[in-house]
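Me: I should like to learn how to read charged pairs and chain interfaces in a structure. May we begin with the terms?

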There are 2 protein chains.
Amino acid sequence: MNLNQTIIKMVLDRWYGNLKSFDAVLHSITDEQLEREVSPGKNRGVYLLGHLIAVHDDMLRLLNLGNKEYPGLDKIFLEAPDKSIPQIPSATELRKYWVKQGEMLSQKFESFQPDHWFEKHTAVSIEDFNKEPHRNKLNILLTRSTHLAYHTGQFILLKY
Amino acid sequence: MNLNQTIIKMVLDRWYGNLKSFDAVLHSITDEQLEREVSPGKNRGVYLLGHLIAVHDDMLRLLNLGNKEYPGLDKIFLEAPDKSIPQIPSATELRKYWVKQGEMLSQKFESFQPDHWFEKHTAVSIEDFNKEPHRNKLNILLTRSTHLAYHTGQFILLKY
């Protein structure tokens, strides 16, 4: 295993590890629990779930993997705060999207060649990337893993 | 900037970025808010702060940087759940430890040579490390960054 592969494994391990922690909570709670706020007056579980799907969906664009699968979620879960839009997808729908998206992203990541991870992502210019090579695709996965961990810390509070 | 340096920057950026997010919350809340639970029946802010100091203190051991600075915190913030030990350090004390620790770790990290980050950490044997080179010092910082993000997601709920 060379250094590139070692690094990729470190970051992918975090991604899959954090997904697994989130999944463990998601599978252990009911749709009714998903409707609860993680703390009084804060986001509901169902909002966090939709938010994560929308953020992860945007990785398709950033990693140059194609179009978003769920562009309709952006308006509800990225651009608007929780409880400001009355009609949102059901917990059942979001659970389905979540599983499907996890499988799809996993397939795409497994097909990446190591060098591919160190290429620039689509939101940085060639000029900036030449000066700042850390703005690569692997860094997108790393920042999204951190983001996922942040919300998993909240999501787990639904269990009581 | 070679690949090693790029990777180290990616992980250090996460560490400092997550610390900054946590700090922003910590500086914006009062000691009284720190005494609140992040959600009813869950950990208090003061417990999370002590827990993070204890976990980060243990990095000294794992990164072979010397002895723990606050070994007395382990029993309270690692081995016992919140609210099981009546006497814990005050918010004022913990705030001081947090700042001092952040500065100390930052100084130590800045003095690391790039190759140093890819050495084995102290909790893995040479045999295992030869098979699993991702169990290096940089990975300790990466997993602790994720851990910090997880609790920052909870800590921010104290603001209301």
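Reply: A salt bridge is a side-chain nitrogen of Lys or Arg within 4 Å of a carboxyl oxygen of Asp or Glu. Side chains of opposite charge can pair when their charged atoms come close. This is a predicted model, in which local features need pLDDT of at least 70 and side-chain atom pairs count only at pLDDT 80 or more, while totals for chains, interfaces and linings use all residues. Side-chain values use heavy atoms, without hydrogens and water; residues are numbered from 1 along each chain as its sequence is written, and chains are lettered from A and ligands numbered from 1 in the order in which they are written.

Me: With which residue does B:D82 form a salt bridge?

Reply: Its partner is B:R44, with the closest N and O atoms 2.7 Å apart. Both B:D82 and B:R44 are buried (under 20% relative accessible area, with exposed over 50% and partly exposed in between; 1.4 Å probe, protein chains only).

Me: How much area do chain A and chain B bury between them?

Reply: The size of an interface is often given as the accessible area lost when the parts come together. Buried area is what two parts lose in accessible area (1.4 Å probe) on being put together, summed over both. Here chain A and chain B bury about 2800 Å², 73% of it on carbon and sulfur atoms.

Me: How many salt bridges cross that interface?

Reply: The rule finds zero between chain A and chain B, although the structure holds 22 over all chains.
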